[in-house]
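Thanks for sharing this one. Here are my notes, written with the model open beside me.

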Amino acid sequence: MSIENTISTAIVRKFSEKLLDHLNLDVAIVGGGPSALVAARDLAKAGLKVGIFERKLAPGGGTWGGGMLFNEVVVQDDALNILDDFGITHKALEDAPGYHTLDSVEMASGLIFGAMRAGAKIFNSVSVEDLVFKDGKVNGLVINWTPVERLGMHVDPLTVIAECVLDGTGHPSEILHLATEKAKIKLDTPTGGIIGEKPMWVESGEASTVENTREYYPGLFACGMSANNVMGGYRMGPIFGGMLMSGRKAARLIAEKFGK
Ligand code: 48H
């Protein structure tokens, strides 16, 4: 076989093996932002089979761009242990005790590497376009290539079966929207629907992101900005402790469901 053929064969075979091995998951995570990457690492470390499906070519969500493309972000004391678990460096802010800065590129790459090293697999350039919803239960995800979605090509999707689904899609809460609009699920919120994000209030938004990280329907969880949006929390700008702690909480709640 020529080297050209060997390379192509190896890639097609290895990717197929990886996808086949992840068509049946314990936890299917939608979106590869910071909260989801922390959840994925913790869940994989707990021994669960975890796949992340990320629409973009590069996972990391809103981490890369820091604040207004200045590639630094802020975290508070409470989240430092999570950064330390990933080996991501941080520096105390001398004029603001309790707050720290870190390089957003190191954060994004460190979170991705940490989640993968723990055993979670990331399927990038894959968009989740629907849920598998059988007998009143969320059973998994309906996936397609992002270019297919973007070009509006009429191509039928494939499915991934999962015990639990985690919506880590950020501000739009895409999976919870699908749940309410297509599956007609009533979420565990005051209205049964999505309340919608409020404007900026850092302290409140950081606290509510973690508080609102939970199961919204049997087998359907939300973390990060998605959890904040569904319960009508305030946004917080480029401070990321709440996202990291939300991921850790989501993983704990999901792991408990599996008796881990
Ligand atoms: C596949 C999808 C789909 C889909 C979306 O927004 P994220 O970075 O996620 P979080 O919630 O962990 O972090 C939020 C943070 O980045 C942020 O925006 C903050 C702190 N904002 C504060 C403020 O005031 O603005 O990442 C979500 C990821 C993205 O990479 C999307 O591409 C992906 O989810 N995604 N992937 N299928 N249907 N929908």
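The points below start with the ligand and then turn to three residues.

1. Please keep in mind throughout that this is a predicted model. The distances and areas quoted here are computed from its atoms, and residues are numbered from 1 along each chain.

2. A good place to begin is the ligand site. The ligand occupies the space of the largest pocket. Its surroundings consist of 27 residues, and the closest are Ser 35, Glu 54, Gly 62, Arg 235 and Gly 237.

3. What is the make-up of the shell around the ligand in nonpolar, polar and charged residues? Polar residues number 13, nonpolar ones 9 and charged ones 5.

4. As for where the shell comes from, at least two residues each are supplied by α2 (34-45), β2 (50-54), β7 (126-134) and α8 (224-230). The largest share belongs to β7, with 3 residues.

5. You may like to look at the backbone atoms around the ligand one by one. A polar backbone atom of Arg 55 is 3.0 Å from a nitrogen atom of the ligand. For Val 128, a backbone N or O atom lies 2.9 Å from a ligand nitrogen atom. With Met 236 the ligand atom is an oxygen, and the distance from a backbone N or O atom is 3.4 Å. On its own the ligand has 800 Å² of accessible area, and the protein covers 92% of that.

6. Next, His 22, which sits in the loop between α1 (3-21) and β1 (24-30). Is this loop residue buried or exposed? His 22 counts as buried because its relative accessibility is 5%, under the 20% cut-off. A polar atom of the His 22 side chain lies 2.9 Å from the backbone oxygen of Lys 18.

7. Gln 76 belongs to strand β3 (residues 72-76). With a relative accessibility of 11%, Gln 76 counts as buried. Which side chain does the side chain of Gln 76 make a polar contact with? The partner is the side chain of Glu 206, at 2.6 Å.

8. Last, Met 243, in helix α9 (residues 241-257). Met 243 counts as buried too, with a relative accessibility of 6%. Along the chain, Met 243 and Thr 213 are 30 residues apart, and their C-alpha atoms are separated by 9.8 Å.

Conventions. Predicted model: local features only at pLDDT ≥ 70, side-chain atom pairs only at ≥ 80, totals over all residues. Heavy atoms only, no water. Near = heavy atom within 4 Å. Polar contact = N/O pair within 3.5 Å; in protein donor to acceptor, adjacent residues only side chain to side chain. Areas by Shrake-Rupley, 256 points an atom, 1.4 Å probe, with all protein chains shown as cover. 1 Å grid on protein atoms, 1.4 Å probe; cavity = no way out; pocket = protein on both sides within 12 Å on 5 of 7 lines; lining within 4 Å. Sits in = over half its atoms within 2 Å of the grid points. Helix = DSSP H or I, 4+ residues; strand = E, 2+ residues; numbered from the N terminus. Nonpolar A, V, L, I, M, F, W, Y, C, P; charged D, E, K, R; others polar. Buried < 20%, exposed > 50% of the residue type's maximum accessible area, 1.4 Å probe, protein only.
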